[in-house]
Amino acid sequence: SQYSVTSLVSHSTQDASGHASNIVRTEANAVGVRDLIAIVFGPYVPCSMTSISLDLDVLLPLLEPRRMQCGEMVWRRGDEALSMFIVHAGKLEILLPKGSSGANGAVSESSSDRGAPQEPPIESVPYAQGALVLEVLIPGSIFGYLHAMATPPQPRFTDVVCVSQWAVVHELPLSLLPQMHLSHPKLALGIMQCVQHRCSTEYNNMTQHQLHNDDHWVVTLD
């Protein structure tokens, strides 16, 4: 693969005002996309290693890689949910926008143009200021499945933004799952079991948090 999974290293530097700031930079670990997908989904596919290799040959062409720059959005609150994603490189955050109003999906304007190439300062992502960080996503994380797998698919409840110098995510359109169930049922089952395990883990974390905190709080898996 042309992309490699990265580790994230925090470097202490000084900004223009002389204040120290932590910059998240990316460093390659040379894990190709095929190995990444095998690590993420392989343990959940009920078949031999040879069969898993064949399933990967089916899955890899379906993935759509997206290389992103710091401050670029994967999606915004209110966007249509049609895909799930796997983080291949970099670091992203799932955010609840400041001042977002539950039902109507409204979101404040970003300080950066969504489509145009930008070079925001690495030490801060302006859009994220004041937003509630629900989750930090690193290589190997999967996200975006919950609202996309609803029937009918639900609008996105959060924003997802790249907060490292750059990031690479692989998009899997979930419209492909019905055909995958027919042609490669074990692979489709493995993907669903991976998602189920992720949901179970998040539910357990949420329950543990509630047991140790008296205040109300909001969390979303997506």
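Two strands count as paired if DSSP finds at least two bridges between them. Keep that in mind for the sheet I start with. One caution before that: this is a predicted model.

Here is the sheet. Four strands form it, and it is open. The order is 4-9-6-7, with antiparallel pairing. Which strands sit at the edges? Strand 4 and strand 7, the latter covering 132-137. Each of those pairs on one side only. Neighbouring strands in this sheet are turned against each other by 25° on average, direction ignored.

Look at one pairing in detail. Strand 6, residues 92-96, runs antiparallel to strand 7, and 5 bridges connect them. Within that, Leu 95 stands opposite Val 133 of strand 7.

Now the whole protein. It has 5 helices and 10 strands. There are 222 residues, and 42% of them are buried. Take the contacts between residues at least 6 apart in sequence: 78% of these join residues at least 24 apart.

On to the interior. In soluble globular proteins, nonpolar side chains tend to be buried together. Here, the largest nonpolar core has 26 residues. Which residues have the most contacts inside it? Ile 37, Phe 41, Leu 59, Met 84, Ile 86, Ile 142 and Ile 191. Several elements each supply at least two residues of this core. On the helix side they are helix 1 (33-41), helix 2 (49-59), helix 3, helix 4 (177-183) and helix 5 (185-212). Strand 5, at 83-89, does so too.

Take Ile 191 on its own. Leave out residues up to four places away in sequence. Ile 191 then touches Phe 41, Leu 59 and Met 84. It also touches Leu 172, Leu 177 and Met 180.

Apart from the 26-residue core lies another, of 15 residues. Phe 85, Phe 143, Cys 162 and Val 169 are among them.

Next, aromatics. The whole structure holds 3 aromatic pairs. One is Trp 75 with Phe 85. Their centres are 5.8 Å apart, with 45° between the planes, and the pair is tilted. Trp 75 is in strand 4, residues 73-75, and Phe 85 is in strand 5, 10 residues apart. Are these two buried or exposed? Both are buried.

Trp 75 has a second partner, Phe 143. Why is that pair called tilted? The centres are 5.6 Å apart and the planes stand at 40°, so the pair is tilted. The cut-offs make that clear: under 30 degrees would be stacked, over 60 edge-to-face. Phe 143 lies in strand 8, residues 142-143, and Trp 75 in strand 4, so this pair ties together parts 68 residues apart in sequence.

Burial again, with figures. Trp 75 has a relative accessible area of 3%, and is buried. Phe 143 is buried at 0%. Put the three rings together: Trp 75, Phe 85 and Phe 143 make one aromatic cluster.

Two arginines also deserve a look. Arg 67 lies over the face of Trp 166, 4.3 Å from the ring centre. Arg 77 has its charged end over the ring of Phe 157, at 4.5 Å from the centre.

Last item, the backbone. Where is the cis peptide bond? It joins Thr 151 and Pro 152, with omega about -5°. Pro 152 lies in a loop, between helix 3 (145-148) and strand 9 (159-162). Strand 9 brings us back to the sheet, where the order was 4-9-6-7.

Key: Residues numbered from 1 in each chain as written. Predicted model: local features only at pLDDT ≥ 70, side-chain atom pairs only at ≥ 80, totals over all residues. Heavy atoms only, no water. Core = buried A, V, L, I, M, F, W, Y, C linked by side-chain atoms within 4.5 Å. Buried < 20%, exposed > 50% of the residue type's maximum accessible area, 1.4 Å probe, protein only. Contact = heavy atoms within 4.5 Å. Phe/Tyr/Trp six-rings, centres within 6.5 Å; stacked < 30°, edge-to-face > 60°. Lys NZ or Arg CZ within 6 Å of the ring centre and 35° of its normal. Axes fitted to C-alpha atoms, helices over the stretch in contact; angles between N-to-C directions.
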